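Trainee: I am new to this structure and would like a close look at a single part of it. Please choose one loop residue, start there, and work outward to what surrounds it and then to the rest of the protein.

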Amino acid sequence: MTTPRRLDGGYPVTLDLAGRRTLVVGGGPVAARRARGLLAADALVDVVAPQLQAELLTLVRGGEIRWLQGEFEVSHLVEPVPAWFVHTATGVGDVDAAVARACKERGVWCVRADDGGASAAWTPAVARGLRDTAAEGVTVAVTGGGDPRRAVAVRDAISAAMASGSLPVRRVRLPITGAGAGASGGVDAGTAAAVAEGTTGRAARVGRVWLVGGGPGDPGLITVRGREVLERADVVVADRLGPRQLLDDLDPGVDVIDVGKTPGHHPISQERINEILVEQALLGRDVVRLKGGDPFVLGRGGEEALHCVAHGVPVEVVPGVTAAVSVPAAAGIPVTHRGITASFVVASAHDGATAALDALRDAPVTSTLVLLMGVTTLRSTAARLVAAGRSPQTPVALIESGWTDDQRTTVTTLEKAADVAEQEHVGSPAVIVVGDVVSVRAELGDLRGVDAVGAGSAVAASAPVAPSLVLLAHGSPDPRHAEGVERVAGHVRRAWAGAVRTAYLDHHPPTPAEVAEGLSGGVVVPLLLTTAHHVRVDVPAAAASMDAVGRGGYVVAGALGPDELLFRSCEDLLGAAGFAPDPTSAVVLFAGGSSDREAIAAIGAAAQGRTGRGWGPWTVAALAGGDSVATVAARLRAVEGVERVLVVSYMIADGVLRDRMVDQVAEAGATMVPGTLGDTPSLAALVTRRAAAALAASRPRQ
């Protein structure tokens, strides 16, 4: 009985074919590919075939391969010297089988292109690191378990990952050749540099410097080339404003030199930074200067490049996404916009308005002005811009920590910008946008990420400052509840242009009236998920108490649920807990409950629309005013035939009610999913959407 050939196992090896005779049987395109691969391995290649296609003929005429014209004969395996390795790719099964048999009888490895299962060896799909990249010298061979297309697809994915710098391909051992090479074929990179150092103190090899623009802060916005050179760096000289999360992924052997500066505090001068780059490169080390934004946009990259060139150090610039354009974009502000302006000016406001005014002198009066490093000098900058002819009512956006989780946008006017910045404690890093394009944000809101749906769309173009938003929660004696509400407020602040405050109906300060004393009107969004008594009675009463303070009126938004974004929040929690869509798993939204049974039923009816999107049935349970989780779980198992019941807390924040939920879920034999809806960014998107809708509805019709 013959044992079936395994195509997913074997013993992977790499053959050194340099200078050794190999044989390719066949003259078509497959044979040509095999011949090219052998030539790349520096093998001596003979091709046996009656006729050759054009590419093989070109190789013959160029003297790169030898053509043994005619049909295959056994003598081809041994004359003029024995072949080390054979590829047969004639496309004729009987011929390929005969070649394979002859090779087996003589102990020569043979690869059959037509039938991998009949071969004693296989040719994998190969990914090779490109020359002059971090992956140079890396070879990855992929077999697909008898499925060549599968192997090619995986090979292509690995090649792309190597090119993007997302694989750990940095060299940690330097190859050495000749008599000094040991069995391992390499030495530690640091040791090699030390050995290479001569009496002059300079390494025999001069390293290279890359000036890499890391983008505005989000590590996903660095370029593919930027990630690739980071992977090959021996030293990274890092700024404070670069994508510092990328430093956490570096190989432990990479030295990180922090040269970050803050406003008014430059512990390492620019001159010293220039010297560090050259010193490290002259030690034979490859150096990445990781900067925020783009190295040549107010980043002093030109000075660093000139210093390297002056000292004979090779230098390459890797452009980055400049904060001057990308940070306004994240806040929903295009620096140019049809019908508003076709030009923009970027200037440093670090030394006041002088640079800004110089930049604007020859620019159209409608040009957008983008100021970097300008928070501390905002008052003098604004005053000089007004004195130079800019309208005091020109819209201004102050965008802090763009493309990070702490991004916040404050909208005001030029004459009020400095006062508003102080009131809202605007801090560095921030990008300041001056111009009518700021009004576009009223329609777009934040555009950083897909979860900020409708964020900020409540800001009226005519309003100098965005309306305030008050999140009104019920409150609880349990401190975990207030902590959860504050987390929601933090998410909302990153999406809403105006001030965001929290207030409570009961149990926890501050009251709605106390919050209203520090504001001038705005919109109230109840952090409540049903249309029960609190929404119908308590929330309007709270808004009336806020109106009574007398500093402005308040618009009241409707309850948050049920809504598609709430169900998306549930899916966020499921995904964060590691649960993927599964038709044998039911999802139960466990609500705190209400005396309004219709409100609970409405949640269940809306949730049923999620059924079939990869999941089993979606439904609702409640601590009060609806079916218990035990009843719901039993029905799902008996009627729907589900194998697993996943329970998501349909609540804003943690507290004693969720504790009760956890106990009841355990008793029902179901699985409780960690977290609450307030832990997800989708909830913040829903809050801003409700606020925007309430403000839009309150405006008089034109």
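Mentor: Leucine 447 sits in the loop that runs between helix H13 (441-444) and strand E20 (468-473). Bear in mind that this is a predicted model. With a relative accessibility of 43%, leucine 447 counts as partly exposed, because that class covers values between the 20% limit for buried and the 50% limit for exposed. Setting aside residues up to four places away in sequence, leucine 447 touches Ala329, Ala330 and Gly332. One of these partners, alanine 330, is 117 residues away from leucine 447 in sequence, yet their C-alpha atoms are 4.8 Å apart in space.

That leads to helix H9, which spans residues 323-330. Six of the eight residues of H9 are buried, so the helix is mostly covered. The buried ones are Ala323, Ala324, Ser326, Val327, Pro328 and Ala330. Alanine 330, the neighbour of leucine 447 in space, is thus among the buried residues of H9. The buried residues of this helix pack against four strands: E15 (344-348), E16 (368-372), E17 (395-400) and E19 (430-434).

Both ends of H9 have a local detail to look at. At its start, a side-chain oxygen of threonine 322 comes within 3.2 Å of the backbone nitrogen of alanine 324. Just past the helix, glycine 332 adopts a positive phi of about 80°. Glycine 332 is also one of the residues that leucine 447 touches.

Of the strands packed against H9, take E16, which holds threonine 368. Threonine 368 has a relative accessible area of 1% and is therefore buried. Beyond its neighbours within four places in sequence, threonine 368 is in contact with Val335, Thr341, Ser343, Phe344, Val345, Val433, Val434 and Val437.

Now move to another part of the chain. The largest nonpolar core has 49 residues, and Leu469, Leu471 and Leu589 have the most contacts inside it. Helix H21 (residues 681-698) supplies the largest share of this core, with eight residues. Leucine 589, leaving out its neighbours within four places in sequence, is in contact with Phe567, Cys570, Ile603, Ala607, Trp618, Thr619, Val620, Ala621, Val648 and Tyr650.

Alanine 591 lies in strand E24 (residues 585-591). A relative accessibility of 3% puts alanine 591 in the buried class. Apart from residues up to four places away in sequence, alanine 591 touches Ile600, Ala621, Ala622, Leu623, Tyr650 and Met661. Tyrosine 650 is 59 residues from alanine 591 in sequence, with 4.8 Å between their C-alpha atoms. Tyrosine 650 is also among the contacts of leucine 589.

Helix H21 can be followed from the loop before it. Threonine 680 is in the loop between strand E27 (671-676) and H21. Its relative accessible area is 4%, so threonine 680 counts as buried. A polar atom of the threonine 680 side chain lies 2.8 Å from the backbone oxygen of leucine 677. Not counting neighbours within four places in sequence, threonine 680 is in contact with His491, Ser569, Asp572 and Leu573.

Helix H17 (residues 564-576) packs with H21: their axes come within 8 Å and cross at roughly 165°. The two helices are therefore roughly antiparallel to each other, as an angle over 145 degrees falls in that class. H17 passes H21 in a left-handed crossing. On the H17 side the meeting residues are Leu565, Leu566, Arg568, Ser569 and Asp572, and on the H21 side they are Pro681, Ser682, Leu683, Ala685, Leu686 and Arg689. Ser569 and Asp572 of H17 thus meet H21 and are also in contact with threonine 680.

Another helix pair is H1 (residues 29-40) and H2 (residues 54-61), which pack at an angle of about 35° with their axes 9 Å apart. Ala31, Ala32, Ala35, Arg36 and Leu39 of H1 make the contact with Glu55, Leu56 and Leu59 of H2. H1 also passes H2 in a left-handed crossing.

Last, the protein as a whole. Its secondary structure comes to 21 helices and 27 strands. Of its 702 residues, 46% count as buried. Among contacts with a separation of 6 or more, 68% are between residues 24 or more positions apart.

Conventions:
Residues numbered from 1 in each chain as written. Predicted model: local features only at pLDDT ≥ 70, side-chain atom pairs only at ≥ 80, totals over all residues. Heavy atoms only, no water. Core = buried A, V, L, I, M, F, W, Y, C linked by side-chain atoms within 4.5 Å. Buried < 20%, exposed > 50% of the residue type's maximum accessible area, 1.4 Å probe, protein only. Contact = heavy atoms within 4.5 Å. Polar contact = N/O pair within 3.5 Å; in protein donor to acceptor, adjacent residues only side chain to side chain. Axes fitted to C-alpha atoms, helices over the stretch in contact; angles between N-to-C directions. Parallel < 35°, antiparallel > 145°, perpendicular 65-115°, else oblique. Left-handed = near helix turned anticlockwise from the far one by under 90°.
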